[in-house]
Amino acid sequence: MLVLTRADLERLLDPPAVIEAVEAAFREAAAGRAVALPRAVLQMTKGGLFLGMISALPRRRALGAKLITVVGANRARGLPTVHASYVLSDPETGAPLAFMEAGFLTAIRTGATSAVAARYLARPDARRVACFGAGIQAEYQLHCLKAVLPVESVSVVGRDLVRVQAFAARMRDELGVPVEVTRDPRTVVRGADVVTCATTSKRPVFSGRDLRPGTHVDAVGAFRPVTREIDTEGIRRAYVVVDTYEGAWEEAGDLLIPIKARKIARRHVKAELAEIVAGKKPGRVNAEQITLFKSVGWAPEDAAAARLAYDRAMAQGVGTEVSL
């Protein structure tokens, strides 16, 4: 079995390649050729979560499982909020092929999924991005959005000013565009073409009234039924697409909270991303439309990215082989 560290994956996986792999996975789903079990969630002591995600993409030779812990208190310990690992197996023999760090894998495949959605839902000329969040997920939202949109500037909003300033400086160097820090969510949302939300907030991070016509919203941070980053007005005004209906109805508090309050109905969610990618339902239909992609994560995204990493590692001689 091949062991791939985060450093290995950073060397092997780049946003354009992962975006193509993830979009192919959604095409497989649209054709009925992707399998994913419901996400398993176990409540840990002191508020943490332990999650399991299992899926298969037979035509992509990908079969795997991801294990994740989410511990909000880790930030005070100087540790990542999320730890994750992935086991990739051979779908024909069942033999384990690779064990890999999956915090980076999750970040880049989630960013890639948002980029796929942006291809169909954002305006092609979207240049100004408002970014809520300053962690690894926000980082790869920006990297992947820049791979599909002509991003010219980014404004970052976050709770910890020192952390946000360090994030903005790093992103400025990595993206090669101006990245500023702001403490004024209203102004930055009103001026944005794309609003990306990758936070651990349990409450909305901006007012939906501030979204101007033509904006695309990308919401990936909240993944529990009682938490949300987008308020009811933001949801109500938008053409809403989800990664999967199944995941949305179980975990997307951004949608479930206004549904429970009877402010919107389930039919307000117009499509799954696979339906958009396959041309079964429309993406953006005009320049004034507000669009929103809500993601809680879909296991075949991991399988597609993990198989890409494994194939590249074998071709390039990256990683460490171990015997079990």
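**Exercise 1. Find what the buried residues of helix H10 pack against, and how enclosed H10 is.**

Step 1. Take the contacts, meaning heavy atoms within 4.5 Å. The buried residues of H10 pack against helix H8 (232-237), strand S13 (239-242), helix H9 (245-251), S14 and strand S15 (291-294). Helices (H or I, at least four residues) and strands (E, at least two) are DSSP runs, numbered from the N terminus.

Step 2. List the buried residues. They are Gly-253, Asp-254, Leu-255, Leu-256, Pro-258 and Ile-259. Buried means under 20% relative accessible area, exposed over 50%, partly exposed in between (1.4 Å probe, protein chains only).

Step 3. Conclude. Six of the eight residues of H10 are buried, so H10 is largely enclosed by the rest of the structure.

Two notes on the input apply throughout. This is a predicted model, in which local features need pLDDT of at least 70 and side-chain atom pairs count only at pLDDT 80 or more, while totals for chains, interfaces and linings use all residues. Residues are numbered from 1 along each chain as its sequence is written, and side-chain values use heavy atoms, with hydrogens and water left out.

**Exercise 2. Characterise the backbone and exposure of Arg-262 and Lys-46.**

Step 1. Recall the background. Most residues other than glycine have a negative phi.

Step 2. Take Arg-262. H10 is followed by this residue. Arg-262 sits in the loop between helix H10 (253-260) and strand S14 (269-272). Its phi is positive, near 65°. Relative accessibility is 77%, so Arg-262 counts as exposed.

Step 3. Take Lys-46. This residue belongs to the loop between strand S3 (40-43) and strand S4 (49-57). The phi of Lys-46 is positive too, near 60°. With 84% relative accessibility, Lys-46 counts as exposed.

**Exercise 3. Work out the strand order of the eight-stranded sheet, then its edges and twist.**

Step 1. Write the order. The open sheet runs S10-S9-S8-S11-S12-S15-S13-S14, with parallel pairing. Two strands pair if DSSP finds at least two bridges between them.

Step 2. Name the edges. Strand S10 (179-181) and S14 each pair on one side only.

Step 3. Add the twist. From one strand to the next, it averages 20°. Axes are lines fitted to C-alpha atoms, for helices over the stretch in contact, and angles run from 0 to 180 degrees between N-to-C directions.

**Exercise 4. Describe the surroundings of strand S8 (residues 128-132).**

Step 1. Check burial. Four of the five residues of S8 are buried, so S8 is largely enclosed by the rest of the structure.

Step 2. Pair S8 with strand S9 (residues 153-157). Five bridges join these parallel strands. Ala-130 faces Ser-155 of S9.

Step 3. Pair S8 with strand S11 (residues 194-197). Four bridges link them, again in the parallel sense. Phe-132 has Cys-197 of S11 as its bridge partner.

Step 4. Move outward from S9. S9 and S10 are parallel and share three bridges. There, Val-156 is partnered by Val-181 in S10.

Step 5. Add the helices. S8, helix H5 (residues 136-148) and S9 form a right-handed β-α-β unit (with the strands pointing away from the viewer, the path from the first strand over the helix to the second runs clockwise). H5 lies across S8, S9, S11 and strand S12 (216-219), at about 150° to S11. Helix H6 (residues 161-175) lies across S8, S9 and S10, at about 170° to S10.

**Exercise 5. Classify how helix H2 (residues 15-30) packs on H12 and on H4.**

Step 1. Set the classes. Angles under 35 degrees count as roughly parallel, over 145 as roughly antiparallel, 65 to 115 as roughly perpendicular and the rest as oblique.

Step 2. Treat helix H12 (residues 299-316). The angle with H2 is about 130°, and the axes are 9 Å apart. H2 and H12 are therefore oblique to each other. On the H2 side, the contact includes Ala-17, Val-18 and Ala-21; on the H12 side, it includes Pro-300, Glu-301 and Ala-304.

Step 3. Treat helix H4 (residues 103-121). The angle with H2 is about 70°, and the axes are 8 Å apart. H2 and H4 are therefore roughly perpendicular to each other. Among the contacting residues are Pro-15 and Ile-19 of H2, and Ile-108 and Tyr-120 of H4.

**Exercise 6. Decide whether Arg-307 is buried or exposed, and list what it touches.**

Step 1. Locate Arg-307. This residue lies in helix H12.

Step 2. Apply the cut-off. Relative accessibility is 8%, so Arg-307 counts as buried.

Step 3. List the contacts. Not counting residues up to four places away in sequence, Arg-307 touches Arg-60, Arg-61, Ala-62, Leu-88 and Leu-97.
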